[in-house]
There are 4 protein chains.
Amino acid sequence: MPPMTTPAIDSLDTLRLRIREFAQARAWERYHTPKNLVMALSVEMAELLEPFQWLTAEQSQDLSPTQHEAVRQEIADVLIYLTRLADLLEIDLLQAASDKLAINTRKYPVEKAHGNALKYSNFSDD
Amino acid sequence: MPPMTTPAIDSLDTLRLRIREFAQARAWERYHTPKNLVMALSVEMAELLEPFQWLTAEQSQDLSPTQHEAVRQEIADVLIYLTRLADLLEIDLLQAASDKLAINTRKYPVEKAHGNALKYSNFSDD
Amino acid sequence: MPPMTTPAIDSLDTLRLRIREFAQARAWERYHTPKNLVMALSVEMAELLEPFQWLTAEQSQDLSPTQHEAVRQEIADVLIYLTRLADLLEIDLLQAASDKLAINTRKYPVEKAHGNALKYSNFSDD
Amino acid sequence: MPPMTTPAIDSLDTLRLRIREFAQARAWERYHTPKNLVMALSVEMAELLEPFQWLTAEQSQDLSPTQHEAVRQEIADVLIYLTRLADLLEIDLLQAASDKLAINTRKYPVEKAHGNALKYSNFSDD
């Protein structure tokens with residue numbers, strides 16, 4: 001548990017500042033180039049992939065409490081590194097996601113994309 | 001641009017609901033098993049890695065406006081899929097990140113981790 | 001098709017030399033640090049992951065000719081970058097794989113690993 | 001060490017058959033769908049990425065013996081899973097790599113690609 005004096009993290013912006021302090025306190029800033037951070041983020045991403053590799057689709061929808069907590073921690077790691085990377089690049093995460101959803105709304109019109117994931121089921125546009 | 005009646009996305013929770021509506025409107029829910037989503041997230045992650053692969057550390061800190069916008073869109077994709085996955089697994093992203101930072105604060109004490117990234121510079125604990 | 005004078009690639013060692021010549025002819029060697037190459041390999045890996053992301057397990061076993069050819073090209077890219085990386089690090093791929101299989105044979109004894117993929121179905125030992 | 005009766009692995013084809021026997025002896029074949037194997041391959045790929053994440057380009061070219069052996073084992077894992085995947089999909093690895101190099105030779109002509117990795121330094125064509 002964090003010390004009692006640490007306020008709760010109630011927004012992405014608070015999370016961003018907390019992570020920044022964490023890195024500064026440990027003098028890790030010199031390691032945190034964008035190039036290194038995208039690599040670290042990829043490593044965390046794979047740790048999130050790992051628990052799912054041998055599961056069936058059905059099993060992946062019905063994780064045990066132990067599996068769920070492990071996945072929860074890996075999801076947290078991905079968000080933490082993503083927030084750190086965005087901070088360094090001065091990117092507003094919510095604004096970026098909002099802009100990308102607007103792009104995707106135009107790119108995947110409801111009538112054409114309906115039920116067709118193989119061609120269209122990407123939020124991404126490439 | 002989103003239609004004028006769409007309110008701005010000002011929190012992760014609003015983003016989560018907006019993405020859910022996006023998937024529902026396109027009947028993509030049946031494709032959105034956790035197993036499939038971690039794969040899609042990995043693909044997006046690699047698209048974020050790609051622009052950095054041949055850059056030096058210094059170049060990665062000084063992206064051109066075109067590179068920066070491309071990276072911004074890939075970061076957005078990662079956040080969108082991460083939010084979707086967390087929604088399906090009923091995981092609160094901010095709470096998960098907050099809990100993980102508390103774990104890491106204990107795991108990487110400032111005095112031991114100071115300036116030593118090779119052994120310690122992970123927010124992650126494994 | 002390669003020029004008629006180029007001999008066929010009939011071994012990993014010939015492949016290794018052919019890739020080395022390819023990189024030398026284009027003066028790409030300065031970009032080919034191990035760090036950059038593992039990033040490039042990760043990007044290629046994700047391009048191999050991509051065609052499978054929305055497929056069911058069954059569909060992944062029954063690819064269309066178009067899907068199969070796309071996958072074949074991505075597998076080739078992964079092997080090409082892996083061979084290039086091993087060449088730079090002076091690692092003999094077949095010897096390394098042979099040594100690892102010996103490690104795994106000890107680590108996953110047949111009687112204990114039989115039919116249990118969730119705990120044991122890794123060729124890898126970590 | 002493998003039992004004395006096991007012949008040495010002196011080609012990709014021998015490696016392929018040895019891995020097949022390894023999986024059969026452990027009844028892991030039902031887990032080895034192409035979809036699962038590309039996920040496992042991605043996880044191994046990230047384990048190869050991990051030792052490089054905080055290294056400078058220079059450090060990545062001068063690994064310690066311990067680092068080198070760790071990287072060697074991860075490279076072996078990637079080759080093992082790649083060989084297993086290709087076996088299941090009935091893809092000849094050397095032929096696929098050879099065909100891809102021919103495509104790349106046309107795609108990246110020496111005169112245009114010379115020294116320009118940012119635009120051209122991919123063996124891959126996408």
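Is A:A27 buried, partly exposed or exposed? In this predicted model, A:A27 is partly exposed, because its relative accessible area is 21% and buried requires a value under 20%. The residue sits in the loop between helix 1 and helix 2 of chain A. Its phi is near 55°, a positive value in a residue other than glycine.

A second residue with positive phi was found in chain B. B:E90 is not a glycine, and its phi is near 55°. B:E90 lies in the loop between helix 4 and helix 5 (93-107) of chain B. It counts as exposed, because its relative accessibility is 73% and the cut-off for exposed is over 50%.

Helix 5 of chain A covers residues 93-107. Its 15 residues should span 21 Å at 1.5 Å a residue. The end C-alpha atoms are 21 Å apart, so the computed length agrees with the expected one. A:D92 caps the N-terminal end of this helix. A side-chain oxygen of A:D92 lies 3.1 Å from the backbone nitrogen of A:L94.

Burial was then examined along helix 5 of chain A. The buried residues are A:L93, A:L94, A:A96, A:A97, A:S98, A:K100, A:L101, A:A102 and A:N104. An α-helix has 3.6 residues a turn, so residues three or four places apart point the same way. The cover over the buried residues of helix 5 of chain A comes from both chains. Within chain A, it includes helix 1 (12-25) and helix 4 (65-88). From chain B, it includes helix 1 (12-25) and helix 4 (65-88).

The interface between chain A and chain B was considered next. Chain A contributes 86 residues to the contact, and chain B contributes 86 residues. The two chains bury about 7200 Å² between them. Of this area, 69% is on carbon and sulfur atoms. There are 4 salt bridges between chain A and chain B. One of them joins B:R72 to A:D99, with the closest N and O atoms 2.6 Å apart. Polar contacts between chain A and chain B involve 16 residue pairs, both residues being at pLDDT 80 or more. On chain A, the elements that give two or more residues to the side touching chain B are helix 1, helix 2 (34-49), helix 3 (57-60), helix 4, helix 5, helix 6 (110-113) and helix 7 (117-120). Helix 4 of chain A gives the most, with 16 residues. By class, this side of chain A has 50 nonpolar, 20 polar and 16 charged residues.

Chain B also meets chain C. Here 17 residues of chain B are in contact with 17 residues of chain C. The pair buries about 1400 Å², with 72% of that area on carbon and sulfur atoms. B:M39, B:Q53 and B:W54 supply 41% of the area that chain B buries against chain C. No other three residues supply more. The count of salt bridges between chain B and chain C is 0. The count of residue pairs in polar contact, both at pLDDT 80 or more, is also 0. Helix 2 (residues 34-49) of chain B gives the most to the side of chain B that touches chain C, with 9 residues. By class, that side has 11 nonpolar, 4 polar and 2 charged residues.

Technical notes
Residues numbered from 1 in each chain as written. Chains lettered and ligands numbered in written order. Predicted model: local features only at pLDDT ≥ 70, side-chain atom pairs only at ≥ 80, totals over all residues. Heavy atoms only, no water. Helix = DSSP H or I, 4+ residues; strand = E, 2+ residues; numbered from the N terminus. Expected span 1.5 Å × (residues − 1). Buried < 20%, exposed > 50% of the residue type's maximum accessible area, 1.4 Å probe, protein only. Contact = heavy atoms within 4.5 Å. Polar contact = N/O pair within 3.5 Å; in protein donor to acceptor, adjacent residues only side chain to side chain. Buried area = accessible area lost by both parts, 1.4 Å probe. Salt bridge = Lys/Arg side-chain N within 4 Å of Asp/Glu carboxyl O. Nonpolar A, V, L, I, M, F, W, Y, C, P; charged D, E, K, R; others polar.
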